Amino acid sequence: MAELGSKGVTAGKIASNVQKKLTRAQEKVLQKLGKADETKDEQFEQCVQNFNKQLSEGTRLQKDLRTYLASVKAMHEASKKLTECLQEVYEPDWPGRDDTNKIAENNDLLWTDFHQKLVDQALLTMDTYLGQFPDIKSRIAKRGRKLVDYDSARHHFEALQTAKKKDETKIAKAEEELVKAQKVFEEMNVDLQEELPSLWNSRVGFYVNTFQSIAGLEENFHKEMSKLNQNLHDVLLGLDKQYSGNAFPVKAQPRKKTKLFARLRKKMSSDSTPAKANKSPSPPPDGSPITSPETKTVNHELEPSTLEAPGASIPKSPSQSSLPAVVVETFPATVNGTVEGGASSERADMPPGFLFKVQAMHDYTATDSDELQLKAGDVVLVIPFENPEEQDEGWLMGVKESDWIQRKELDQCRGVFPENFTERVQ
């Protein structure tokens, strides 16, 4: 019987709740249609708006704080790996090895302490602050339902009072329900009217405390980290001083050891062989030079040092009428295989075929007679190789600007130099 009674009470309560929901739904419909007035409290509505804004701001702050903590943890891991790398590369015989190990250990402890204090003094405080919002939000919703119950009871009581046929019993019962609904609503309303403004005002102190904590923790962290960084700097400075005599100069790109002008002489020697000569047309009887669209005649006297070859004989007479024409093939100006320059790029104050200027960024000591000796700051006028096949990768041909201005001679001044020791300036 007790079980049945219990079931009966439960069923009755369910039925009562269902009836309340139906009554509230009807009341809201009538209010929206304008057929029933609605109790308004603009001050309370403003408090609710403030509450929702405060909840939104707090939720965002909590999310951003968690992101910040995740970033701190990631930085901790990155810093830890970096110091581990330093420990691995730091050789046992280097001074300060024990100091670097201690610095790495303190670095790890400092990051761990910083992260934990942020959790304790900021994140947990943030969680506690937001923990009160769900309950208040639920009470605001419940107050809204009780307000609808109050309006519904008030309208029902007023309808019975204005009815043509009055039923005093129903009127009395309706009045009793109205008083009860009003009491429940007002109790909740009064409590929220006090709590919501207080909660709204508390946000200022909370934000101040939270960001002061974060700022203070960051300040202490960076202060201690700065000390560790200074210690590491001093240790590495001592290492640098001990090994300061070991210079690591910039190295030129390797080039072939055969000297450029020796290769040119070899080239000219091969050109003077009978097999090569057979491919060229025979000179006319009168000794006039050979010309064709693909060749040009060099009329000036070539230096013996560049023309001598085994078995070849060059007349010493200044007259060129008895000399056979020397045919020299012409090639386009190239730098690293790229055709550049030409007649338009040649200027009266620059060497023939001038391409561009470069400035030496490092000293370079020549290792062959066909190389230029450079000092940092020297300006070099780059010119094309006479034969692109003679150009090694990473090397340029040029004459120092100072030598060109003084002598205006290429044969005595030009030479090759490593491109990576220079920087283009024009």
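In what sense do strand 5 and strand 6 pair, and over how many bridges? Hi everyone, let's start there. This is a predicted model, and in it the two strands run antiparallel to each other, paired over 4 bridges. To place them for you, strand 5 covers 356-360 and strand 6 covers 379-383. If you'd like one pair to click on, take Phe 356, whose bridge partner in strand 6 is Val 382.

Strand 5 has another partner too. It pairs with strand 9, residues 422-424, again in the antiparallel sense, this time over 3 bridges. Here Val 358 is matched with Arg 424 of strand 9. As for burial, 4 of the 5 residues of strand 5 are buried, so the strand is largely enclosed by the rest of the structure.

Now step into the loop between strand 5 and strand 6, where you'll find Met 361. Its relative accessibility is 40%, and because partly exposed covers the range between 20% and 50%, Met 361 counts as partly exposed. Leaving aside residues up to four places away in sequence, Met 361 touches Ala 376, Phe 421, Thr 422 and Glu 423. Asn 420 is 59 residues from Met 361 in sequence, yet their C-alpha atoms are 8.7 Å apart in space.

Last stop, the helices. Helix 2, residues 42-89, packs against helix 5, residues 168-242, at an angle of about 15 degrees, and their axes are 10 Å apart. The two are therefore roughly parallel to each other, and helix 2 passes helix 5 in a left-handed crossing. The residues of that contact divide into 18 nonpolar, 7 polar and 4 charged. Thanks, everyone!

Terms used
Residues are numbered from 1 along each chain as its sequence is written. This is a predicted model: local features need pLDDT of at least 70, side-chain atom pairs count only at pLDDT 80 or more; totals for chains, interfaces and linings use all residues. Side-chain values use heavy atoms; hydrogens and water are left out. Buried means under 20% relative accessible area, exposed over 50%, partly exposed in between (1.4 Å probe, protein chains only). Contact means heavy atoms within 4.5 Å. Two strands pair if DSSP finds at least two bridges between them. Axes are lines fitted to C-alpha atoms, for helices over the stretch in contact, and angles run from 0 to 180 degrees between N-to-C directions. Angles under 35 degrees count as roughly parallel, over 145 as roughly antiparallel, 65 to 115 as roughly perpendicular and the rest as oblique. A crossing is left-handed if the near helix is turned anticlockwise from the far one by less than a right angle, and right-handed if clockwise. Ala, Val, Leu, Ile, Met, Phe, Trp, Tyr, Cys and Pro count as nonpolar, Asp, Glu, Lys and Arg as charged, and the others, Gly among them, as polar.
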